[in-house]
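Hello,

I am handing over the structure we talked about, and below it you will find my notes on what turned up. Please keep it open beside you while you read.

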Amino acid sequence: MTEKEAPPVAGLLLAAGGGRRLGGRPKALLQHRGRPLVEHAVGVLRAAGCARVHVVLGAQAAAVRERAELGGCALVENPDWADGMGSSLRAGLDSLAGTGARAALVSLVDQPGIGAEAVARVLAAYEDETSLASAAYDGVRGHPVLFGAAHWAGIAATATGDQGARAYLKERAEAIRLVECGDVARPYDIDTEADLTHLE
């Protein structure tokens, strides 16, 4: 894909977590509808309209590459995945530099209750590289989030630990376009053994 042909918004899936509260089982490899969760999450981004998808891997990256069908995705390994989501977000945004993408639609691997309809709504909020948009659930900001390229450097500079872009977005709350998705998605996380009941 030349820069001219590149779709303006790339999907960026954060799938590096080690599942600390799940006994060290990487979330990317949890089974959902008969396939690894990472595969399901990529399918959602594609169904929503993201032609380019970058997937950030970390915990057991080799096993994820082996077991999940991720053809056509750009796979980004984050050696610092244990430092938290911030490092994966930085690695993912860095991987988009030079691709021609003008915005990143960031989703998390452990939220299978957020489907293509919600993701497509947030994708539709893209206007240009200054865009900032986020799914909202009953008015409360959640995932996925859309970051125009003009924000990437600022987000990377402040993304530490498990905070991701939280601090950056908090400072710019007035500029974020909230896209209500509570009628079509459920934003639970798969974090603990009890949450595994959400998987099919």
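A good place to begin, bearing in mind that this is a predicted model, is a single pair of residues: A135 has V179, in strand 9, as its bridge partner. That pair belongs to a wider connection, since strand 7 (residues 132-137) and strand 9 run parallel and are joined by four bridges. As general background, the strands of a sheet pair through backbone hydrogen bonds, and they do so either parallel or antiparallel.

Stepping back to the whole sheet, you will see that it is open and has seven strands, in the order 5-4-1-6-8-7-9, with mixed pairing. Strand 5 (74-77) and strand 9 (177-180) each have a single partner strand and stand at the edges, so one side of each is left without a neighbour in the sheet. On average, neighbouring strands are turned by 25° against each other, if direction is ignored.

Two helices deserve your attention next. Helix 1 (residues 37-48) packs on the sheet, where it touches strand 1 (9-15), strand 4 (53-57) and strand 6 (103-108), and its direction makes about 165° with that of strand 1. Helix 4 (residues 116-123) lies across strands 1, 6, 7, 8 (140-148) and 9, and runs at about 50° to strand 8.

Which residues of helix 4 are buried? They are A118, V119, V122 and L123. These residues cover an arc of only 140° around the axis, which means that they sit on the same side of helix 4. Among the elements that cover them are helix 1, strand 1 and strand 6, as well as strands 7, 8 and 9.

Best wishes

Notes
Residues are numbered from 1 along each chain as its sequence is written. This is a predicted model: local features need pLDDT of at least 70, side-chain atom pairs count only at pLDDT 80 or more; totals for chains, interfaces and linings use all residues. Side-chain values use heavy atoms; hydrogens and water are left out. Two strands pair if DSSP finds at least two bridges between them. Axes are lines fitted to C-alpha atoms, for helices over the stretch in contact, and angles run from 0 to 180 degrees between N-to-C directions. Contact means heavy atoms within 4.5 Å. Buried means under 20% relative accessible area, exposed over 50%, partly exposed in between (1.4 Å probe, protein chains only). The arc is that of the directions from the helix axis to the C-beta atoms.
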